[in-house]
Amino acid sequence: MNLSQKEATTTSTVNTAAARLLDLDSGAVGQAAATVFARPDLQPFWSLLQGVEGGGREPSAQEIALQREEREVHLAAIATALRGGGDGTDGLVLVLDDVTP
């Protein structure tokens, strides 16, 4: 999942694996990331992204558990900011890995 940053952080791409893991449809692309991650089950991902957007220089990682179809899924989530030539960010990237035992 790649988030590009303009005036507001906007979801620019969602690959099929991320869409399946996060239970997102194609309508997520082009929406504000705050809207995409507003669902209670996705708020931990939003917090992770906000941490790196707010100036964190290092990638941030967290294991997040989600309830999916009567089973718990554990996702390793890593967020990082894409740095441009200046002090700001050119976007954010969220990488997910299903680490369900």
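R68 lies in strand β3, which covers residues 60–68. The model that holds this residue is predicted. R68 is a useful place to start, and the rest of the structure can be approached from there.

With a relative accessibility of 16%, R68 counts as buried, because the cut-off for that class is under 20%. Its surroundings can be listed by contact. Setting aside residues up to four places away in sequence, R68 touches L21, L22, D23, R39, D41, L42 and V73. One of these neighbours, L22, also takes part in a polar approach: a polar atom of the R68 side chain is 3.4 Å from the backbone oxygen of L22.

R68 also belongs to the lining of a pocket. Which residues line the largest pocket? They are R20, L21, D23, R68, E69, R71, V73 and D98. Two elements each give two or more residues to this lining, namely α1 (16–22) and β4 (71–83). By type, the lining has six charged residues, two nonpolar ones and no polar ones. The volume of the largest pocket is about 180 Å³. As for how such spaces are found, rolling a probe the size of a water molecule over the atoms shows where empty space is left.

Before going further along the chain, it helps to set out the whole fold. The protein has three helices and five strands. Read from the N terminus, the order of elements is β-β-α-α-α-β-β-β. Of the 101 residues in the protein, 35% are buried. The accessible surface of the protein comes to about 5800 Å², and carbon and sulfur atoms account for 49% of that surface. Contacts also link parts of the chain that are separated in sequence: among those between residues at least 6 apart, 38% join residues at least 24 apart.

After β3 comes a loop with two residues of note. E69 lies in the loop between β3 and β4, and E70 is found in that loop as well. What is the phi of E69? E69 has a positive phi of about 45 degrees, although it is not a glycine. E70 likewise is not a glycine and has a positive phi, of about 65 degrees. For background, most residues other than glycine have a negative phi. Are these residues buried or exposed? E69 counts as exposed because its relative accessibility is 80%, and E70 counts as exposed because its value is 81%. E69 is also one of the residues that line the largest pocket.

The chain then enters β4, where two residues can be compared by their cover. V73 is found in strand β4 and is buried, since its relative accessible area is 5%. V73 touches I64, A65, L66, R68, D98 and T100, leaving out residues up to four places away in sequence. Among these are R68 and D98, and R68, V73 and D98 are included in the lining of the largest pocket. V73 and P101 are 28 residues apart along the chain, and their C-alpha atoms are separated by 8.5 Å.

A76 also has its place in strand β4. Unlike a buried residue, A76 counts as partly exposed, because its relative accessibility of 24% is not under the 20% cut-off. Outside its neighbours within four places in sequence, A76 is in contact with Q62, E63, V95, L96, D97 and V99. The C-alpha atoms of A76 and D98 are separated by 6.4 Å, with their positions 22 residues apart along the chain.

The strand β5 spans residues 89–98 and contains L92. L92 counts as buried because its relative accessibility is 1%. Its C-alpha atom is separated by 5.7 Å from that of L82, and the two residues are 10 apart along the chain.

One more residue takes the reader back to an earlier part of the chain. A32 has its place in the loop between α1 and α2 (33–36). At 30% relative accessibility, A32 counts as partly exposed. Not counting neighbours within four places in sequence, A32 is in contact with T9, T10 and T11. A32 and S12 are 20 residues apart in sequence, and their C-alpha atoms are 9.3 Å apart in space.

Note on methods:
Residues are numbered from 1 along each chain as its sequence is written. This is a predicted model: local features need pLDDT of at least 70, side-chain atom pairs count only at pLDDT 80 or more; totals for chains, interfaces and linings use all residues. Side-chain values use heavy atoms; hydrogens and water are left out. On a 1 Å grid over the protein atoms alone, a cavity is a set of points where a 1.4 Å probe fits but cannot get out, and a pocket is an open set with protein on both sides within 12 Å along at least five of seven lines; lining residues have an atom within 4 Å of a point. Grid points are joined across faces, edges and corners, and a volume is the space filled by probe spheres set on the points. Helices (H or I, at least four residues) and strands (E, at least two) are DSSP runs, numbered from the N terminus. Ala, Val, Leu, Ile, Met, Phe, Trp, Tyr, Cys and Pro count as nonpolar, Asp, Glu, Lys and Arg as charged, and the others, Gly among them, as polar. Buried means under 20% relative accessible area, exposed over 50%, partly exposed in between (1.4 Å probe, protein chains only). A polar contact is a pair of N or O atoms within 3.5 Å; within protein, one must be able to donate a hydrogen and the other to accept it, and residues adjacent in sequence count only if both atoms are side-chain atoms. Contact means heavy atoms within 4.5 Å. Accessible areas come from the Shrake-Rupley method with a 1.4 Å probe; for residues, only the protein chains shown count as cover.
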